[in-house]
There are 2 protein chains.
Amino acid sequence: VTTFSLERQDARLLDAADPLAGFRDRFARDDPGIIYLDGNSLGMLPLATAERLTRLIRDEWGGGLIRSWDHWIDLPVQAGDELGRSLLGAAEGQVLVTDSTTVNLYKLSRAALGARPGRRVIVTDDDNFPTDRYVLAGVAGGQDAELRVIRTDMDQGVTAADVRAAVAGDTALVSLSHVAYRSGALADMPEITRIAHDAGALMLWDLCHSVGSVPVDLDGDGADLAVGCTYKYVNAGPGAPAFLYVRRDLQDQLRQPVQGWFSQQDMFAMGPAYQPVPGIRRFFAGTPDVLGIAAVEEGARLLGEAGIGRLRDKGMRLTGYLIELADAWLAPLGFALASPRDPGRRGSHVCLRHSEAARICQALARAGVLADFRAPDRLRLGPAPITTSFAEVWDALDMVRQITENQVYQEFPAAAGAPAG
Amino acid sequence: VTTFSLERQDARLLDAADPLAGFRDRFARDDPGIIYLDGNSLGMLPLATAERLTRLIRDEWGGGLIRSWDHWIDLPVQAGDELGRSLLGAAEGQVLVTDSTTVNLYKLSRAALGARPGRRVIVTDDDNFPTDRYVLAGVAGGQDAELRVIRTDMDQGVTAADVRAAVAGDTALVSLSHVAYRSGALADMPEITRIAHDAGALMLWDLCHSVGSVPVDLDGDGADLAVGCTYKYVNAGPGAPAFLYVRRDLQDQLRQPVQGWFSQQDMFAMGPAYQPVPGIRRFFAGTPDVLGIAAVEEGARLLGEAGIGRLRDKGMRLTGYLIELADAWLAPLGFALASPRDPGRRGSHVCLRHSEAARICQALARAGVLADFRAPDRLRLGPAPITTSFAEVWDALDMVRQITENQVYQEFPAAAGAPAG
């Protein structure tokens, strides 16, 4: 029994009934020839963000100059609170927008290891995003600790049973991605967090591929630590700063390794000894990126206005529709689903496996359909709930079908990818 | 014998003869009532940067979307090379624009300690900027090393003799600021670097307060490592990313602790093990801030067009003029110079000591003269060579005189400062 029809007209009916359809016009759309299925790599430009940045540059920097720091100084916590409220299920004072996901992951994983003396194991999985695996390996190696790597089914993601088998009394930290970067598999946050806690370990979630597409309830699920980027579903722009979350009652127990001036109590005393400020600001390192943080705040507000519940609902229906079309049109052409089939077990992107995925991805780009190739043989399609229509999913899948059927991809030489996880 | 006259008319003559005067119009100046002597905290907005950022946001992000990463990926090295060529005396492939000064200092000091096994001492001085002292203390503490802190005259800065007395066979790294954040004292880079090398140590320079105001010759002086910010004299905007320099022949010997995906060889293989790319890119951590890096490139280009030699010459004359006026007008009112008197021994900012400096600084701000208070009792005045006129220096010093003479500052209650070193 298919839920969706395969006629293009039916995609248009789905769009007509979409309560979020109006949000599509809140984004820059200069090129109507583009179908963008890469919002999970770099989200589109919200018009409000373009305006905010223009004002910030001209009026606050150009006009206000150094005086604007009087309010800029509050932005990293203010934008963090907006993320917490709209998207992360985090009460205020626990989220900070600063640095990159990589640097935040480093700071928090080092702090976690320091907070569990005697425990020398960090647990992660082999399908975690490269930066997570590399950073954690570096932190473990630098601290006489061990990185224990769960072997995972790369199409289905890490399971609670996998984690239960990997943690023990030696485990200081479990660090996993909430949504897998390749398959889109959604990990069971409450259950896995409970398993980590039962073992006496801290739990750190990487939310890069879930924030803005899947409801996150950090406080409710008892997460200890989290990091995530903002240039994907949060639409904050290329290289916009990441966020970090530290549960309130842990904040003053943790000591982060990058002892920067911005995390110092009484900064302007310029005193001789480092004394970290209480609260979430102690996880600052250096001067925060004001433009980027303003863009994060705008992006989070826009998603908050759409509502994460409605975004999640549309995301499941968009990816479900995509899978229906792939089953009908692409499976006969050699494609196989490389993501969970259960919509409750995946985020808002889907991978299709095909031996010619790399070249098909290039041919799609030339035809105006922007998606990703991911090693070894995946076409990754990410319909962002706030910007993608059902008709675009139909058109994109139809284009995959045409390109594959007619072997258009044979005009292209080799594999390529886009530099943003 | 005074070099400069004390009449305002003479300041205008100096401006008329200033070869850099035309560059003042290349910056946003919406409020003609402002005299800006804080370019050493946050540089002004170059008009070209406002245009570049608008294009980048609208066309490259909004229009180009993920495809723009094809050229964004080159920006951090491209902007680094521009800084190297225009301002740092660094041949290409040795400067990277990424992260904050704090994070870069952390990465490089950890790497340096790792490259000198058996040596467990880092040398710095007690007048170094707080983030430097705190980060180095954290790195030393985390690596069973010691931070040896030179006691310095806070008005005259660290000397070669100070460093000679502090280094020994146990020293892995000497880390100092090129220009002191408070006094503006300029350290002797070639001599101090030689002393560090003679002791077998690596030398790391913090260029935050010198880049763009004082010629730097990293390659010529044999520096090993350097970091610096771009939101001061480079005019790249609030929280713009910092840069780091690693001498070419050291790059592949060093291993930085934040093993991010962006420093991985063959990124898109997403392979199991971290293997750092050769060259300067191995000092990347996470995804670089594209908007900020573009602003760094514009700022460096503009300074390159002005020429660092001419900027240095004007900077010495601006601060010399400022000191002449202070000697004549302010010394009788209780001010004392808290910076080197020799122009060759200072950068482009000057501190004046006064027991009421904090309140005088607030009164100045209300009158449109933007400067800094720095603990314990300094009024810090930073005329940026590319944006400040001699007449503005005259007007600002005249305003200090009036405010102090008439005790206008007594209307203000307590000390305050602006959050950018």
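This passage describes the relation of two chains, a sheet, salt bridges, a helix and some backbone features in a predicted model. Because the model is predicted, local features are reported at pLDDT of at least 70 and side-chain atom pairs at pLDDT 80 or more, while totals for chains, interfaces and linings use all residues. Residues are numbered from 1 along each chain as its sequence is written, chains are lettered from A and ligands numbered from 1 in the order in which they are written, and side-chain values use heavy atoms, with hydrogens and water left out.

Chain A was superposed on chain B by least squares on the C-alpha atoms of residues with pLDDT of at least 70 in both. A turn of 180° with a shift of 0.0 Å along the axis lays chain A on chain B with an RMSD of 0.0 Å. This is the relation of a two-fold axis. The same surface serves both copies, since 100% of the contact residues of chain A recur in chain B; contact means heavy atoms within 4.5 Å.

Helices (H or I, at least four residues) and strands (E, at least two) are DSSP runs, numbered from the N terminus. Two strands are taken to pair if DSSP finds at least two bridges between them. In chain A, four strands form an open sheet in the order 9-10-13-12, with antiparallel pairing. Strand 9 (336-337) and strand 12 (372-374) of chain A stand at the edges; each has a single partner strand, so one side of each is left without a neighbour in the sheet. Three bridges join strand 12 of chain A to strand 13 (residues 378-381) of chain A in the antiparallel sense. Arg374(A) stands opposite Arg378(A), which belongs to strand 13 of chain A. In the loop between strand 12 and strand 13 of chain A lies Pro376(A), and the peptide bond that joins Ala375(A) to Pro376(A) is cis, with omega about 0°. In chain B, the bond from Ala375(B) to Pro376(B) is cis, with omega near 0°. Helix 13 (residues 357-366) of chain A lies across strand 12 and strand 13 of chain A, at about 40° to strand 13. For such angles, axes are lines fitted to C-alpha atoms, for helices over the stretch in contact, and angles run from 0 to 180 degrees between N-to-C directions.

Over all chains, 56 salt bridges were found, a salt bridge being a side-chain nitrogen of Lys or Arg within 4 Å of a carboxyl oxygen of Asp or Glu. One of these joins Arg282(A) and Asp252(A), at 3.7 Å from N to O. Both residues lie in the loop between helix 10 (248-251) and helix 11 (290-306) of chain A, 30 residues apart. Residues are called buried under 20% relative accessible area, exposed over 50% and partly exposed in between (1.4 Å probe, protein chains only). Arg282(A) is buried at 9%, whereas Asp252(A) is partly exposed at 47%.

In chain B, a salt bridge links Glu298(B) and Arg52(B), with the closest N and O atoms 2.7 Å apart. Glu298(B) is in helix 11 (residues 290-306) and Arg52(B) in helix 2 (residues 47-64) of chain B, 246 residues apart. Arg52(B) is buried, with a relative accessibility of 11%. Beyond its neighbours within four places in sequence, Arg52(B) is in contact with Leu75(B), Ala294(B), Glu297(B), Glu298(B) and Arg301(B). Arg301(B) and Glu297(B) also form a salt bridge (3.4 Å, N to O). Both lie in helix 11 of chain B, four residues apart, about one turn of the helix. Arg301(B) is partly exposed at 39%, and Glu297(B) is buried at 2%. In chain A, salt bridges that share partners join Arg52(A), Glu297(A), Glu298(A) and Arg301(A) into one network.

Helix 6 (residues 130-142) of chain B has 13 residues, and its end C-alpha atoms are 18 Å apart, in agreement with the expected 18 Å. The expected span is 1.5 Å times one less than the number of residues. Of the 13 residues of helix 6 of chain B, 10 are buried, including Tyr134(B) and Leu136(B). The buried residues of this helix pack against helix 5 (101-114), strand 3 (121-125), strand 4 (146-150), strand 5 (171-177) and strand 6 (202-206) of chain B. Asp144(B), just after helix 6 of chain B, has a positive phi of about 55° and is exposed at 72%. Asp99(B) has a positive phi near 55° and is buried at 17%.
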